Amino acid sequence: MRNDSFDAIVVGSGISGGWAAKELTEKGLRTLVLEAGGPIDPGTDFVEHVQPWQLHYQGFGDRIALERDQFIQKHCYACDEWSGKFFVNDRDNPYTFDKTQPFHWIRGRQVGGRSIMWGRQVYRWSDLDFEANSRDGFGVDWPIRYADIAPWYDYVEQFIGISGERLGLPQLPDGQFLPPMALNCAEKAVRERLAGQFDGERVLTIGRCAILTQAHGGRAPCHYCGPCERGCITFSYFNSLGVTLPAAAATGRLTLRPWSVVHSVLYDEARGRASGVRVIDARTKEETVFSARVVFLCASALESTRILLNSRTPRFPDGLANSSGELGRNLMDHCMGGGAHGRLPDIREANSAGRRPNGIYIPRFQNVNRQHPDFLRGYAFQGGGWQDGWGRGNDMPGFGKDFKTALRTPGGWGFSFYGFGECLPRPTNYVEIDEHQVDAWGVPALRIHCEWSDNERKLLQDMSVTAAEMLEATGVKDVVAHVDDNPPGLTIHEMGTARMGRNPRTSVLNSHNQAHDVKNLFVTDGACMTSSANQNPSITYMALTARAVAYSVDQMKRNEL
Amino acid sequence: MNRRDLVQLLGSLVGSAGLSSMTADQLFARGQAINARMPPGNGRGPFTPHQFDTVGRVTDLIIPATDTPGALEAGVPGFIAIIVGEWYTAPDRDRFMAGLADLDARSNQDSGRDFVSGSEADQTRLLQILDDEVSLLRAQNGKLDNNFFHRIKGLTLYGYYTSEIGMTRELHYQVIPGRYDPCSRP
């Protein structure tokens, strides 16, 4: 067994790990980044310009392989014939759950992690969110407020490039925005018709997203080919592979080690510190130990918690840094899928160029100015207007020459709202180690216990009501309201299980993502989240990561770490 | 892949592990490996020559050649052979084959000839009846999934509009538009 020593170890190379790597190396630390999956070569692995006719199933996907190897991952829209390779093999990466409580854990193991195929939506949290737990008593109070994180939002947004529109809303703070993408004509119509209704509380804006609308940081603006989740040869959307990891590499202090499955964090009982990590080579299964002065877990919410649960020591028999017993608890994911759609027959204009990889956003309006009698917290809508293409032929009578001619030009406009709601932190939604299940590398697997509560179900129901009433109020016809039955996990905003808090007896991490119990151990991915808000969470992970690194390096300089 | 390559590939498989000693899963995996090395659109898949001709004639009637090429030139029958042969479940495949047989049965009843041997007018009349049945089923909120004509029409549209001919020559699809222009006057 070899033993190599670094100043810092970062577990995971995705959204959070890339930021940890950049910040640690730029502050002078020799940093080892461990990635469980393999390397990505953008030149050959990015397939956004591969056309369906170049694929064996022309984009239908390999159904039999999906059902055999990716029976969980296939539920994600992006796990298709192009991008399926960016999602894990479910047979190699098992986890368990009760049949009555399905949880869809969507995972990517490669350099870049899920930043390769993430949804790219970026929304700041506000004090409405950071104060939510203390207001209604679910979960513990966040140990930070908006003022603590705002400069870090500025910092990460300026670096990665966010396009969006400033709205001046207190519940959805503005950021450092590049010019917004354009609304299409259906969206413009709904936005204009919505203004002045519902007391002005429901505002339609273009999605705020980590996609460049002008050159930024040496990267080209979006060329509107469409499917970002297949990669981007111009790195016009943010992923760690093309943005943060190169910055880290440029310092000369980065060691990036793919194929490195982290089994556990090693703990020095005598000194009360994390001493390093135990790694299993993904290809040879050879074990290696790496040591460092500080360890950052950025492996994704459930993977980081799994590593800690698998790090059992005499001092921490129930998992490292788990003196509170909270490790694994308070798992959350956004409840999604209440909404409505309809038709806009009065729109005559046509999309003439480009496929915009972004939609619209209606910021949270429930429980902002007054308390709703039926539910706590709130939700936001994504969605947008679309123009029918040839697919409408499936539902049209006819065949032959006239039929073909009709499908040559775009059809009418449709519009949809699709809600994303806050999930309450509850200790009964939790993960533990399944003593009877290991993965392909012998690492004990998780057993996940998670289900929606009445509050999430009421949010979903209310989404369908308010979405339909907004469509009706803006002249949308043939409105159909719906509540999709999506299991937790599928929103791929899973978070919690190692929450931040002020009290070491009721939380795992302090206000700087530092483990209360182990001072040189930091967790800065979604595991740290104390509540879920309803905003897409990635930008908050990035900001918290940069903030935690600054704190840790400062502590090291003071010899307090 | 030419015939010699295929024979060599099959030979190497037989040589490396006796086909008879393989489990169904292993055989299937080998079959998949062979198919993966066959360029799409070249084979008849699970179809007999007669069935393949029937599929071809139906797709040609749904998306004919006009001022742009139609389904045949775009390789749609080959795409359908791949989907029905490799992607469909066995019950779906059986239903699809039964649909092809039913097409011949109806044609024989009408004109005493198989579907492909009929006149274009006979063929069009028969497809119109099938299309009307789909419309009726839809109006009654009936289940369309198992309807043969709904399925082959859907496969024809997908196969055509995702083919190189369909995307580039029919739809003038721009791979790299370079801009987003959402609201032009038609």
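**Reading confidence, a sheet and an interface**

Me: Before I trust anything here, what is the mean pLDDT of chain A?

Reply: This is a predicted model, and pLDDT is the predictor's confidence in each residue. For chain A the mean comes to 97, with 99% of residues at 70 or more.

Me: Which elements of chain A have the lowest and the highest mean pLDDT?

Reply: Strand S1 (residues 3-11) of chain A is at the bottom with 91, while strand S18 (residues 521-523) of chain A tops the list at 99.

Me: Now the sheet. In what order do the six strands of the open sheet in chain A run?

Reply: Read it across: S6-S12-S13-S14-S11-S17 in chain A, with antiparallel pairing. Strand S6 (205-206) and strand S17 (477-483) of chain A are the edges, each pairing on one side only.

Me: How many bridges join S12 and S13 of chain A?

Reply: Two strands count as paired when there are at least two bridges between them. Here S12 (residues 360-362) and S13 (residues 379-387) of chain A share three. Look for Ile360(A), which sits opposite Gly383(A) in S13(A).

Me: Which helix packs on that sheet?

Reply: Helix H11 (residues 454-473) of chain A does, touching S11, S13, S14 and S17 of chain A. The direction of H11 makes about 15 degrees with that of S11(A).

Me: And the contact between the chains: how many residues does each one put in?

Reply: Chain B supplies 37 residues and chain A 35. On the chain B side, helices H3, H4, H6, H7 and H8 each give at least two, and H7(B) gives the most, with five. By type, that side of chain B has 21 nonpolar, nine polar and seven charged residues.

Methods. Residues numbered from 1 in each chain as written. Chains lettered and ligands numbered in written order. Predicted model: local features only at pLDDT ≥ 70, side-chain atom pairs only at ≥ 80, totals over all residues. Contact = placed C-beta atoms within 7 Å. Helix = DSSP H or I, 4+ residues; strand = E, 2+ residues; numbered from the N terminus. Nonpolar A, V, L, I, M, F, W, Y, C, P; charged D, E, K, R; others polar. pLDDT = per-residue confidence, 0-100. Axes fitted to C-alpha atoms, helices over the stretch in contact; angles between N-to-C directions.
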